[in-house]
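Subject: The model for you to look at

Hi there,

Here is the structure I promised to pass on. Have a look at it first, and then read my notes below.

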Protein chains: 2
Amino acid sequence: MKLDVFDKKILTLLQKDSRISQRELSSEISLSASAINRRIAAMEREGIIKNNVTVVDAHKVGRPITIISEVSLINERLDLLEKLKKRFIQCPQVQHVYYVTGDFDFLLIFNVRNMEEYEGLTRELFFTSENIKNFRTIVSMQNAKQELTVVLD
Amino acid sequence: MKLDVFDKKILTLLQKDSRISQRELSSEISLSASAINRRIAAMEREGIIKNNVTVVDAHKVGRPITIISEVSLINERLDLLEKLKKRFIQCPQVQHVYYVTGDFDFLLIFNVRNMEEYEGLTRELFFTSENIKNFRTIVSMQNAKQELTVVLD
DNA sequence: AGTGAAAGGTATTGGGG
DNA sequence: CCCCAATACCTTTCACT
């Protein structure tokens with residue numbers, strides 16, 4: 001599926017605020033509300049639009065700590081890798097899992113209430129695995145930007 | 001503002017799918033639609049709910065590359081730091097900006113169409129600044145998880 | 001705070017160009 | 001693939017508990 005200039009405008013606006021009404025989109029883009037509706041439905045069907053989510057302020061709900069972990073494995077065999085990856089993904093405090101190559105193997109980003117919670121998670125996720133060589137913990141002093149927005153040109 | 005068990009249930013569901021209707025929330029939580037409505041409005045007013053966004057599949061719109069940069073500064077004077085931070089935040093291809101302390105100063109996560117786009121951005125963001133000591137580029141082979149969801153217990 | 005019902009807005013679908 | 005109009009659905013408000 002090829003996106004035209006209208007689809008890109010729709011996505012750009014929805015990425016900023018998914019609650020914008022299709023009528024408002026319609027007037028901003030100069031396309032009827034029903035055309036907007038059909039395009040959005042098509043993009044959802046194709047998986048271009050993955051979902052719509054509410055963004056919660058982590059500080060205001062008592063989870064102010066963001067931690068980055070760089071994890072190195074002993075053995076990079078695919079099945080072992082997948083097993084660990086699944087475990088990381090399933091952990092609800094883990095917001096991001098990137099599999100990388102180079103000086104380490106996984107970069108994880110955690111959101112936690114406090115350092116104790118993080119320590120508990122490292123025990124669960126890292127120390128119980130035979131395959132983790134080591135990990136480096138980096139505490140974020142400030143989450144200056146945290147978005148999932150994609151550029152559409 | 002203190003969140004009770006109903007607010008937390010509402011937020012948990014909205015973080016998964018912000019398009020769930022208040023009526024459906026109402027039946028899942030056993031609270032009337034108008035109570036749901038008032039609670040959501042209050043959490044928006046307080047900034048607990050920051051916004052609602054559509055999540056776009058970066059691969060499907062031709063932006064498959066995620067890159068992590070670890071940036072080290074020469075001088076960590078606050079005004080210089082803020083100037084750089086602002087520049088990073090304003091770059092639309094930069095999804096995340098974390099200010100950290102330790103072996104480096106900023107961790108950035110980019111989403112780009114290809115390596116050429118990233119190289120262009122490093123020239124713009126890093127090489128034009130007098131204050132950047134060095135940076136390390138880590139290419140993500142797989143974005144196994146990428147969410148903003150916060151745990152509410 | 002919570003509820004139910006009425007009023008006001010939106011999304012969605014179908015007919016026609 | 002677009003528009004317009006009708007329907008169906010949802011949110012929001014209000015009077016009352």
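What follows is a short account of the two DNA strands and of one helix pair.

Some housekeeping: this is a predicted model, in which local features need pLDDT of at least 70 and side-chain atom pairs count only at pLDDT 80 or more, while totals for chains, interfaces and linings use all residues. Residues are numbered from 1 along each chain as its sequence is written, chains are lettered from A and ligands numbered from 1 in the order in which they are written, and side-chain values use heavy atoms, with hydrogens and water left out.

**DNA strand C**

A residue counts as near a strand if one of its heavy atoms lies within 4 Å of it. Around DNA strand C, chain A places A:S21, A:Q22, A:R23, A:S34 and A:N37, and chain B places B:L31, B:S32, B:S34, B:A35, B:R38 and B:R39. Helix α3(B) gives the most to this surface, with 4 residues (helices are DSSP runs of H or I, at least four residues, numbered from the N terminus). Of the strand's atoms within 4 Å of the protein, 53% belong to sugar or phosphate and the rest to bases.

Among the polar contacts (pairs of N or O atoms within 3.5 Å), a backbone N or O atom of A:Q22 lies 2.7 Å from a phosphate oxygen. The bases are met as well: a polar side-chain atom of B:S34 is 2.8 Å from a base oxygen, and one of B:R38 is 3.3 Å from a base nitrogen.

**DNA strand D**

For DNA strand D, α3(A) gives the most to the nearby surface, with 4 residues. Here the sugar or phosphate share of the strand's atoms within 4 Å of the protein is 51%. A phosphate oxygen lies 2.7 Å from a polar side-chain atom of A:S32, and a phosphate oxygen is also 2.7 Å from a polar backbone atom of B:Q22. The side chain of B:R23 has an N or O atom 3.2 Å from a base oxygen.

**A helix pair in chain A**

Helices α4 (residues 78-90) and α5 (residues 115-127) of chain A pack at about 160°, with their axes 10 Å apart. Angles over 145 degrees count as roughly antiparallel, and α4(A) and α5(A) are therefore roughly antiparallel to each other. In this pair, A:L84, A:R87 and A:F88 meet A:E124, A:L125 and A:F126 (contact means heavy atoms within 4.5 Å).

Happy browsing, and best wishes!

Key:
Polar contact = N/O pair within 3.5 Å; in protein donor to acceptor, adjacent residues only side chain to side chain. Helix = DSSP H or I, 4+ residues; strand = E, 2+ residues; numbered from the N terminus. Axes fitted to C-alpha atoms, helices over the stretch in contact; angles between N-to-C directions. Parallel < 35°, antiparallel > 145°, perpendicular 65-115°, else oblique.
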